[in-house]
Amino acid sequence: MALPPKLVFLLDVDNTLLDNDRLRSDLMCHLAQEFGIENQDRYRTILEDLREELGYVDYLGAMQRYRLTDQTNPHLYQMADFLLDYPLMDLVYPGAFALIEHLGQWGTTVILTDGDVIFQPHKIKHSGLWQAVDGRVLIYIHKEQMLEAISTQYPADHYVMVDDKLRILTAMKAGWQERVTTVFPKQGHYALDPANLGKYDMPDITIDHIADLIRHDFSSVAVT
């Protein structure tokens, strides 16, 4: 029986491998142009309320709720079409694919993300990230609460968690302690929010861009 890998890299998606802030911005511009500022604001409010309720951004779920407030609008289907037809590969950060391939020399790469069960896998597949990790994808509601499930699915002696949210990194460090190395790419609005920088523990490694991680040597962790 093959031994479990020494090292597993757990890679977040939104604002870590893929520019989700840009997707949101483009969606809001589209809504303003096609449906007007008032309807854009109404959708944004529903989206934020749903994020507070679920713990993750659910674009399609927010559209379902928006529909309940305007069921006679024959153009609502165009809202979902914008997301489903969006060129998602354009959102992948420069160097992300090269990094995934590079990390493979040290251990196993796994995408670990929060999100809904429809658009989040769609986003990962159509951006090319699903194929880049050979289908090793885990999508949870609160991934920091799923450490046992993660270690069962992908057992390893050590994990490297890469995420733009200090809250997630702090929680996973508390759960796994020295068993995990936390990496913080300072990308996206969560990572750049000064309130978050002072609220949570600092990670083991901080980088400006995801591609910068390619310069880090994981050989000391990967050695059996």
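This section describes two helices, H5 and H6, and the largest pocket of a predicted model.

Helix H5 spans residues 96–103. Its buried residues are Ala96, Leu99, Ile100 and Leu103. Viewed down the axis of H5, these residues fall within an arc of 100°, so they line one face of the helix. Two strands and a helix receive that face: the buried residues of H5 pack against strand E1 (7–11), strand E2 (108–114) and helix H7 (129–132).

Helix H6, residues 119–126, is mostly covered. Six of its eight residues are buried. The buried set runs through Phe119, Gln120, Pro121, His122, Lys123 and Ile124. Partners of these residues include helices H1 (20–35), H3 (59–69) and H4 (77–84). The buried residues of H6 also pack against E2, H7 and strand E3 (137–140). E2 and H7 thus recur, as both also pack against the buried residues of H5. Glycine 128 follows H6 and has a positive phi, near 95°.

The largest pocket holds about 570 Å³ of space. Its lining comprises 28 residues. Nearest the pocket centre lie Arg51, Gly55, Lys165, Arg167 and Tyr190. Several elements each supply at least two lining residues: H1, helix H2 (37–54), E2, helix H9 (166–176) and helix H10 (188–191). H2 gives the most, with five residues. By residue class, the lining divides into 13 charged, eight polar and seven nonpolar residues. H1 and E2, which contribute to this lining, are also among the elements packed against the buried residues of H6.

Technical notes
Residues numbered from 1 in each chain as written. Predicted model: local features only at pLDDT ≥ 70, side-chain atom pairs only at ≥ 80, totals over all residues. Heavy atoms only, no water. Buried < 20%, exposed > 50% of the residue type's maximum accessible area, 1.4 Å probe, protein only. Helix = DSSP H or I, 4+ residues; strand = E, 2+ residues; numbered from the N terminus. Arc of directions from axis to C-beta. Contact = heavy atoms within 4.5 Å. 1 Å grid on protein atoms, 1.4 Å probe; cavity = no way out; pocket = protein on both sides within 12 Å on 5 of 7 lines; lining within 4 Å. Points joined across faces, edges and corners; volume = space filled by probe spheres on them. Nonpolar A, V, L, I, M, F, W, Y, C, P; charged D, E, K, R; others polar.
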